[in-house]
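Hi everyone, thanks for coming. I'd like to walk you through a model, so let me put it up on the screen.

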Number of protein chains: 2
Amino acid sequence: MRMFEIEVGAFVQALPLTFDIVKINLDCMPGMTAYAGFFEICSPKKGEYVFISAASGAVGQLVGQFAKILDLAAQKGRGFASFTIAWYFPEGIDIYFENVGGKMLDAVLQNIRPHARIAVCGMISQYNREQPEGVSNLMNLVWKSVRMVGFLVFEYYHLYSKFLEFVLPCIKEGKIVYVEDVAEGLENAPTALVGLFTGRNIGKQVVLVSSD
Amino acid sequence: MRMFEIEVGAFVQALPLTFDIVKINLDCMPGMTAYAGFFEICSPKKGEYVFISAASGAVGQLVGQFAKILDLAAQKGRGFASFTIAWYFPEGIDIYFENVGGKMLDAVLQNIRPHARIAVCGMISQYNREQPEGVSNLMNLVWKSVRMVGFLVFEYYHLYSKFLEFVLPCIKEGKIVYVEDVAEGLENAPTALVGLFTGRNIGKQVVLVSSD
């Protein structure tokens, strides 16, 4: 079975031989991105509230599971408005894993808690716009003493063994699973690619070129 | 001489008796704000480029002098566009002390260097707007691995003795001076207050109620 990964910049590290293709996806770029953003940038603490935009995607699905393992109150979001977030998080948000940007970020900023951390992993809602949406509620960074940190996963690969130490037992115990959205046939690749920008995919989007 | 300070939330700490009114302004809220934002949040390093919006104000003037003491390339800004910043900082900006917000922040983000730090102290250009201006270039936080941290000075008062240790010798050696913009007469207070929002003041804006 050959798979073509749509994600740009994904690459595979040396892995234990028992890992199959699903584990590889968990283990390399998406896994390390989720780990670095959540554990290193967001420094999660007991009792905190976690909001993950694009939680159904390659990276976000793992952040949600990490939060669950730590027993934090986590919620995924797609197209949330401020009042919806307030309904899910009446106490506000301590940790925001940002993958959407624009209106979503603005809505989160209206519901942010003091000393919150925002890991900015991406802003998929903005990539195909000629002019990105403006984010208006940035003064909440000051009122609430919020830290907002952009990051690129390749700068965190020195944490790879620490990541494996955390993630391998979780996989063995079934506490972490990795979902992929497989589009069959190269002819379906364009549709699958476009679907990433509307959040159509559930899990990491891959294209099965051939099952030979 | 009695002075009325326009800044909301300013308060005076116990000070060495030799300090006069000017030193008190340097020493309490504006001084600590500049110190916490610049040294604690921005962690300045040799050879870095520092941009300070509202550098003529109560806090900004001190950040500029701190940068000069560390021998960093510092530039103040008022109403800068992206290309003007690029002219002053052909290499880009490592440290941005943010007090203006809106278009200024957007322009800085277009000229930000990898691993830059932004201390968000305030956004005075936005305070009187019904709808704050949107900031569009936030994806640069990701591309450049930028840390953007909002802060309130009262959370940093545990650093007060460390701050005095740094600042007192600098004052004695004349390396730091503190400029105030004195409006004479209570009848001029409203104009002085409005002037803060257009950057009319040079130094901290105070109102001299009476010189008795």
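Let me start with something to look for: where is the place of A:Ser145 in chain A? A:Ser145 sits in the loop between helix H6 (140–143) and strand E6 (147–150) of chain A. Before we go on, please keep in mind that this is a predicted model.

What makes A:Ser145 worth a look is its backbone: phi is near 50°, a positive value in a residue other than glycine. Most residues other than glycine have a negative phi. With a relative accessibility of 11%, A:Ser145 counts as buried.

There is another positive phi in chain B. B:Asp71 has phi near 65°, and again this is a residue other than glycine. You'll find B:Asp71 in the loop between H3 and strand E3 (73–77) of chain B. Is B:Asp71 buried or exposed? B:Asp71 counts as exposed, at 59% relative accessibility. Over in chain A, A:Asp71 follows H3(A), and its phi is positive as well, near 65°.

That brings us to helix H3 of chain A, residues 60–69. Seven of its ten residues are buried, so the rest of the structure largely encloses this helix. The buried ones are A:Gly60, A:Gln61, A:Leu62, A:Val63, A:Gln65, A:Phe66 and A:Ala67. A:Phe66 also belongs to an aromatic cluster, together with A:Tyr35, A:Phe38, A:Phe39, A:Tyr157, A:Tyr160, A:Phe163 and A:Phe166.

Now for the aromatics more broadly. How many aromatic pairs are there over all chains? The count comes to 30. One of them joins B:Phe66 and B:Phe166, with 5.4 Å centre to centre and 80° between the planes, which is edge-to-face. B:Phe66 lies in helix H3 (residues 60–69) of chain B and B:Phe166 in helix H7 (residues 160–172) of chain B, so this pair ties together parts that are 100 residues apart in sequence. Both partners are tucked away: B:Phe66 is buried at 0% relative accessibility, and B:Phe166 is buried with a relative accessible area of 19%.

Staying in H7 of chain B, B:Tyr160 and B:Phe163 form a tilted aromatic pair, at 6.2 Å centre to centre and 45° between the planes. They are three residues apart in that helix, so about one helical turn separates them. An α-helix has 3.6 residues a turn, so residues three or four places apart point the same way. B:Tyr160 and B:Phe163 are both buried.

Next, the cysteines. How many disulfides are there over all chains? The count is zero. Take B:Cys42: the closest cysteine sulfur, in B:Cys121, is 10 Å from its own sulfur, and that is too far for a bond because a disulfide needs the sulfur atoms within 2.5 Å. B:Cys42 is buried, at 0% relative accessibility. In chain A, A:Cys170 also counts as buried, at 7% relative accessibility.

Finally, how far does the predictor trust all this? For the complex, the predictor gives an ipTM of 0.82 and a pTM of 0.83. Chain A averages a pLDDT of 83, with 86% of the residues scoring at least 70. Where does pLDDT stay under 50 in chain A? That stretch is residues 1–22, for which the model still has 52 contacts beyond four places in sequence.

That's my tour; happy to take your questions.

Notes
Residues numbered from 1 in each chain as written. Chains lettered and ligands numbered in written order. Predicted model: local features only at pLDDT ≥ 70, side-chain atom pairs only at ≥ 80, totals over all residues. Heavy atoms only, no water. Phe/Tyr/Trp six-rings, centres within 6.5 Å; stacked < 30°, edge-to-face > 60°. Helix = DSSP H or I, 4+ residues; strand = E, 2+ residues; numbered from the N terminus. Buried < 20%, exposed > 50% of the residue type's maximum accessible area, 1.4 Å probe, protein only. pLDDT = per-residue confidence, 0-100. Contact = heavy atoms within 4.5 Å.
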